[in-house]
Every structure is written in C-alpha cells, then in structure tokens.
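Please look over the sequence and the model displayed here before reading on. The report is meant to be read beside them.

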Amino acid sequence: KYNEQLDPSSGFKELVFQKEAQAYPLYFSFGTAPDKGNVPVFQADTTQLNITSGSKSLTMATTLPSGIVVTRKMTFAADSYQIDLEVTLHNPSDQYQYQGAPFLRMVNKPFTNSKNNRFLFNGPALYMNNDLETIKPKKLAEEPQTRSGQIDWLAYEGTYFMASIMPAGPQNTVYLKMVDEDNVDTTLSSPVVTLLPGAVKTYHYKTYFGPKKLATLKKVGHHLEKVINFGWFDVLAKPMLFMLNYLYGYLHNYGWAIILVTVIIKLLFWPISYKGMKSMRTMQKLQPKMAKLKEKFGDDREAMSRETMALYKTYKVNPVGGCMPMILQIPVFFALYRLLMQTIELRHAPFIGWITDLSAPDRLYIGFHIPYVDGLPVLTLLMGASMFLQQKMTPTPADPTQAKIMMFLPVIFTFMFINFASGLVLYWFVNNLLSIAQQYAINKAPD
C-alpha cells in the first residue's frame, strides 16, 4: 500500500537492499554465527508465489556439512505484512549428536536517504523485559552491543517503516554491531540445544516488514506497537494521534483533520490564553505608572520592588501571566511536532493545491530554481506573516531588548520551519490565525 516516492510510478516501498548472501534477510544458521562460515544453498519447492487472497507457504531445505537437515517454511498472507517463519532441524544420524545455538540475522540500512527526517531516530530497537530500547548506530560504531532477556521483538526502524523479528522462546540474546558506516547487523540467538540422533527441533518466529502504523502493529501482537514512541511527549502525542485518525475517518483529508485538531486544542487552552493576553494588555497600560515609580524611587531597588508589587496587587495583574499560556503550550507543540514529523498517516497524504505530501516541506514550483529551497515555501511564508501580525497586535513588552527579540521571532521561526513537514507548518499557521482572532477580540473588548 506504500510507494517509494509520491509518484506512483516510483514503485512499491522497498525494505530489502542487501546483495551479499550472508546479509540476506532472515538468514538462519545453526552452531555457527551467521557472519562466519559458508552460506548454505537451499532448494525451494516452488519458483514463485502468487497470493491474491488467504495465505501460501514457501518451503526450502538444505543439508549442512554436519549432516543436519534444515527446513525453512515461510508463510505469507495477502492482507498482512507479517511473515511466519518455521525452521526445523533434523539430525538424521543414528549415532552422532550435535550441539549448537540457532541464529537468525538481519542486516539493514536506512530505508530512505531523505534529509527531512534526519532529526528522528533510524536504527535498531528492541522490546525486552517490558521496556523499549533504541540503540543509536553511532553507539554501535564505537562498540558492539549484546542484550539478553525476555525479548518480545527486535527490529530495525526508520521514520515510517520497520523490519522486525519476534521470537517464540522465553529467553533470547541479541547481538548488534555495525557492518559498515550504513549497515547494522542485528542477530537473534536462542539458547544452545543438543540434537540427539534422530532428533527433530523446530523454531517458530514471526517477522514483520512493513509500516509503523499503530492499528496494524497492534494486530500483530508481541507489543510491536511499542515501536511507535514519541519520547517524553508520548502521553500527549498518542491521544492526539487517535484524535487525528478519528477525524480523518469523517473528513478523509489529514490536512483538514490537522486544522480541526488545532481548533480543538485552541479551545481547550482558550481560558488560559485569554487570561494571559488580558494580563499582557493590562501590563502595557501600567507602563506609564511604572515609569513614574522609577522616576520617584530611582536606584532604591527595595522601595521600587515594594511599590511595583503593590501596583500589581491593586490592578490584579500577574507580571508573568502573559508568558504562562506559551509555557503551558510548549509540551503540546513538541508532542505535535513528534507526531506530525513521524506518523506514517501523513506520508504522501495530500491536502490542497500544491501541498501534495503533508510529511514533506511545502513547495510551490514556479518554473525556475530558487536557491536553497528550490520551490516557493508558500505555507511557511504565510505562517511567518501571520506570526508577524500576531506580534504587532500583542502588547509590547516593557523591556526594549525583549521587545526587539519578540519582533525577530517571526523571521527566526520562518527559517526554522522552512524544511519542516508541511503538516506541522499547517498546525502552527492555523494556531497563529486563531491567536490573532483571540487577540483582536481582547483588544476590542471594553476594559
């Protein structure tokens, strides 16, 4: 259901890039680590599988130099990204026994070369002992890592997609290392077993090569949905993701769903924002009185402080009241930032006009190249303009330095947002418009 790029002719999304046999996905070995020894050649029972409904299996077998027969059965379903893998070891000898551990290996590299999501995590992750751990490739480049315990799954994850293995056994070990500057080796190992003469041992694995979509991952089980992690802001981002998908079910457009989510959030913060804006307006009106106090008391800081607090008390104003709404909304903004930058629902999701991908920066191509940005970032410029208008309508801070900083903020934010996902820019633009409407209502309201 996912293409490599926005253009449908780019083909389906590819998650497997490896060319060398030892790096093939789901490479199984017994007794010898996958990166050592010769790669066995399997004989398959069919040359191709065409699955339009239900599921079909591919079975392949080989005999190792030790004489152990390895049979692999992979079951694919037409409507699922899950692949069931069953590996059977048979010792046909009537006198020899063999001892070893089973290994299942993946070698992965980033699923995309896009620089838009360079601030988001790409690398190995695992869910072990009811805890999610992500391991940065830079850390692996310094030193290989080993993890042992109750492993529900191990994976290589990108911003929108993942390749993962879910073992069946209770205790497993994962070995992680960098193969080169791009490729990460993730190898799963189960405890050592002894194959007695004539013995058969079967290992069951589930694998998932597909999108990081919450509803899809929950169906797979094994706590695979835990891979969708918004960090410290998870408690805010997950409900907003639910709200976004719920609204999309009615609107059938994620752009309009973002707008409606923004309106809902603004309504929730309306009382606090209104109080803060009123406080800033009152503070502006008190500036002449503050100037007189400064004239009267000069360098007497204690008297100045005492009289200033009395002035605030008389007019029932909180000097930090204007900052509180912004401080309270910072966690919401960062939660939305994480949500809108890494949720697969926005990948290649169109909005209106030139905005054909809410996960990419907005660009209107006008027939010639513009340095640095290529196309014209219309929505980002509108966002910057709305922020500038909002600043002009907001009461000016008493401190001249602070006032100058506030006037430069629209320029800073415009440059900062220029390569952000257009879905995030849309949220900030709509939020600015609602703030402008709120400030206008306050400015027109009688004292």
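What follows goes from the whole chain to one strand and its partners, then to one helix residue, and lastly to the nonpolar cores.

**The chain as a whole**

This is a predicted model, and its protein chain holds 10 helices and 16 strands. Of the 447 residues in the protein chain, 45% are buried, while the accessible surface amounts to about 24300 Å², with 59% of that area belonging to carbon and sulfur atoms. When contacts between residues at least 6 apart in sequence are considered, 64% of them join residues that are at least 24 apart.

**Strand E11 and its partners**

Strand E11 spans residues 151-157 and is mostly covered, since 7 of its 7 residues are buried. E11 pairs with two strands that are set out below, each in the antiparallel sense.

| Partner of E11 | Residues | Sense | Bridges |
|---|---|---|---|
| E8 | 123-128 | antiparallel | 6 bridges |
| E12 | 161-167 | antiparallel | 4 bridges |

On the E8 side, Met 128 has Ile 151 of E11 as its bridge partner, and on the E12 side, Ala 155 stands opposite Ser 164. The connection from E11 to E12 is a hairpin, which passes through 3 residues.

**Gln 342 in helix H7**

Helix H7 covers residues 324-342, and Gln 342 lies within it. Is Gln 342 buried or exposed? Its relative accessibility is 13%, and because buried means under 20%, Gln 342 counts as buried. The side chain of Gln 342 makes a polar contact, at 3.0 Å, with the side chain of Arg 338. Leaving aside residues up to four places away in sequence, Gln 342 also touches Leu 120, Thr 159, Tyr 160, Asn 229 and Phe 230.

**The nonpolar cores**

In soluble globular proteins, nonpolar side chains tend to be buried together. The largest nonpolar core of this model has 55 residues, among which Leu 340 and Phe 417 touch the most other members. Helix H7 supplies the largest share of this core, with 8 residues. A second core, separate from that one, has 41 residues, including Leu 15, Leu 85, Leu 126 and Val 174.

Which residues does Leu 340 touch, not counting residues up to four places away in sequence? They are Leu 244, Ile 258, Leu 346, Ala 421, Gly 423, Leu 424 and Tyr 427.

Notes: Residues numbered from 1 in each chain as written. Predicted model: local features only at pLDDT ≥ 70, side-chain atom pairs only at ≥ 80, totals over all residues. Heavy atoms only, no water. Buried < 20%, exposed > 50% of the residue type's maximum accessible area, 1.4 Å probe, protein only. Contact = heavy atoms within 4.5 Å. Areas by Shrake-Rupley, 256 points an atom, 1.4 Å probe, with all protein chains shown as cover. Pairing = 2+ DSSP bridges. Polar contact = N/O pair within 3.5 Å; in protein donor to acceptor, adjacent residues only side chain to side chain. Core = buried A, V, L, I, M, F, W, Y, C linked by side-chain atoms within 4.5 Å.
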